[in-house]
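I am opening a notebook on this structure. The entries record what I looked up, in the order I looked.

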Amino acid sequence: MFRKILVANRGEIAIRVIRACREMRIANVAVISEADRSSLHVRYADEAFCVGPAASAQSYLNMEAILAAAERSGAEAIHPGYGFLAENAEFARRCEAAGIVFIGPPSQAIRAMGSKTSARRLATAAGVPVVPGATEELSDAEVEARALEIGLPVVIKAAAGGGGKGMRVVQDPAGLASAIRAARSEAQSAFGDSAIYLEKYLIGPRHVEMQILADQQGHTVYLGERECSVQRRHQKVIEEAPSPVVDAALRQRMGEAAVRLAQTAGYVNAGTMEFLVDGDRNFFFLEMNTRLQVEHPVTEMVTGLDLVKEQIGIAAGEPLRHRQEELSIRGAAIECRIYAEDPFQNFVPSPGRITGLREPGGAGVRIESGVYEGYEVPVHYDPLIAKLVTWGQDRLEAAHRMRRALMEYTIHGIKTTIPFHQRVMVDPEFLRGEIDTTYIDRRFAGRPHAWDESQRDVALVAAGIHAFLRDQARLGAHPARAGAAESPWKLAARRAGLRG
Ligand code: ADP
């Protein structure tokens, strides 16, 4: 086993990995940018190296500086977390060349599965259904022609894409040419690669993904699915395991498809196959994430496994500890992503100082946080500050527990997505499991006041004043009779049959 691991990430995921190292009695090294000197992950780590200025391109994405820190600290392996260098085949290759173990798949597997078009081709070769579309290199004019052939709506995506960047949904033929140009230029600036491809845009699918683990000895297992349909701007906000629509038979079919694809790609370590599931429960491969996912804790809660420890064990050459038939799912888990964002202003980032913080606890509650009271959430990075995860014997218990935990959770000084999650946890459609990728738009968009807690009192007072003025008008707004007008509270009480 490794003696020392460098964690090439920040925030909650860096702490998550450091904790696993500590439980495995492995020394750990953090890296930080100049903007992160007061970051929580530094406080958790055994030692820390500054790898550059605030801009992630010069620090958390700075391969030379991170490899130099690994060498100086004597770390034998690097865990990349998610984001930053986690899916960078070149970084994995450079680790391999430097004799440092990259805790993730081999660089050629990242290359094969990291490009969405190449992953789609491999999926087809493995007999896994893919979302209908066109993956070959096409000129703009050809993309346009193929889009019309497939039939609108279509979605144009960056081959090297991720995080929703370079993605354009086209409903109307008039917008097609400009969407193609915009997707290409966004792909070029975000990923340095202007290659785009096309998919039929499915209406209201569910996002269901399958977690796999593969060891260096050639064994691959699936750990069940996660439902990630609650999304804003095509990005996940709430995830759960298991999916309310996946039964044992579908789980087995999706799991076996994911394992087949992983084996076709020569995949090793933890990975996730993302699928879209339509109303008839047909599933279509979307893409693979060749790393640990943000939402991995829900799988851990229902399987009892520690995915980070599994990743480290696999990277150290250990065989998988469980055969497929030994794995099972117990209960249900939900994760709410706590972002420093204002849910009432279309989820705009809300960086700033956390002036007060109280975290929830109690049975079945897990919190993965990267912040503390007094911490200044920097503007430079992803606004995810914490993840709140609950487990229950069934989905409803997990949801009720989440509602209770969210009530206990207070963060002052910045806006967060907590009030949004509170609304979801009491929404009858969510509680019935009626969610798909249009859920947030369908239930909340355009009606922010319908779920804005801070607006409730304003609405009550406005209704009171309205009733008061209406009754006053009925009595005649004569100054001499003004005394006859009663307070809105009295009027309301009278109407309710009470004596005021
Ligand atoms: P990214 O990697 O940029 O996050 P994905 O390809 O994983 O993009 O898609 C993100 C989300 O966008 C999906 O979970 C889904 O909600 C939506 N989406 C992507 N492709 C389609 C499609 N063909 N039809 C309908 N929705 C889609």
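Which domains does the shell around the ligand draw at least three residues from? I found that domain 2 (132-200) and domain 3 (206-444) each give at least three. I note that the model is a predicted one.

**Entry: the ligand shell**

I looked up the residues around the ligand and found 22. Lys157, Gly164, His207, Gln231 and Glu287 are the closest. I then sorted the shell by class: six residues are charged, eight are polar and eight are nonpolar.

**Entry: polar atoms at the ligand**

I checked three places where a polar protein atom faces the ligand. At Glu287, a polar side-chain atom is 2.7 Å from a ligand oxygen atom. At Leu202, a polar backbone atom is 2.8 Å from a nitrogen atom of the ligand. At Gly163, a polar backbone atom is 3.2 Å from an oxygen atom of the ligand.

How much of the ligand's accessible area does the protein cover? On its own the ligand has 560 Å² of accessible area, and the protein covers 96% of that. I also looked up which elements give two or more residues to the shell, and they are β7 (154-158), β9 (196-200), β13 (269-277) and β14 (283-289).

**Entry: the sheet with β7 and β9**

I followed β7 and β9 into their sheet. It is an open sheet of four strands, in the order β6-β9-β7-β8, with antiparallel pairing. β6 (133-134) and β8 (168-170) are at the edges with a single partner strand each, so each has one side without a neighbour in the sheet. Between β7 and β9, which run antiparallel, I found five bridges. Val154 has Lys200 in β9 as its bridge partner.

**Entry: strand β15**

Is β15 (residues 332-339) mostly covered or mostly open? I found it mostly covered, with eight of its eight residues buried. In a regular strand, side chains alternate between the two faces of the sheet. I checked the directions here: Ala332, Ile334, Cys336 and Ile338 point one way from β15, while Ala333, Glu335, Arg337 and Tyr339 point the other way. The residues of both sets are buried, and the second set includes Glu335 and Arg337.

**Entry: the partners of β15**

Which strand joins β15 through four bridges? That is β12 (residues 235-241), which runs antiparallel to β15. Glu239 has Glu335 in β15 as its bridge partner. I also found eight bridges between β15 and β22 (residues 384-392), again in the antiparallel sense. In that pairing, the partner of Tyr339 is Leu384 in β22.

Notes. Residues numbered from 1 in each chain as written. Predicted model: local features only at pLDDT ≥ 70, side-chain atom pairs only at ≥ 80, totals over all residues. Heavy atoms only, no water. Near = heavy atom within 4 Å. Polar contact = N/O pair within 3.5 Å; in protein donor to acceptor, adjacent residues only side chain to side chain. Areas by Shrake-Rupley, 256 points an atom, 1.4 Å probe, with all protein chains shown as cover. Nonpolar A, V, L, I, M, F, W, Y, C, P; charged D, E, K, R; others polar. Domains from an automatic or database assignment. Buried < 20%, exposed > 50% of the residue type's maximum accessible area, 1.4 Å probe, protein only. Pairing = 2+ DSSP bridges.
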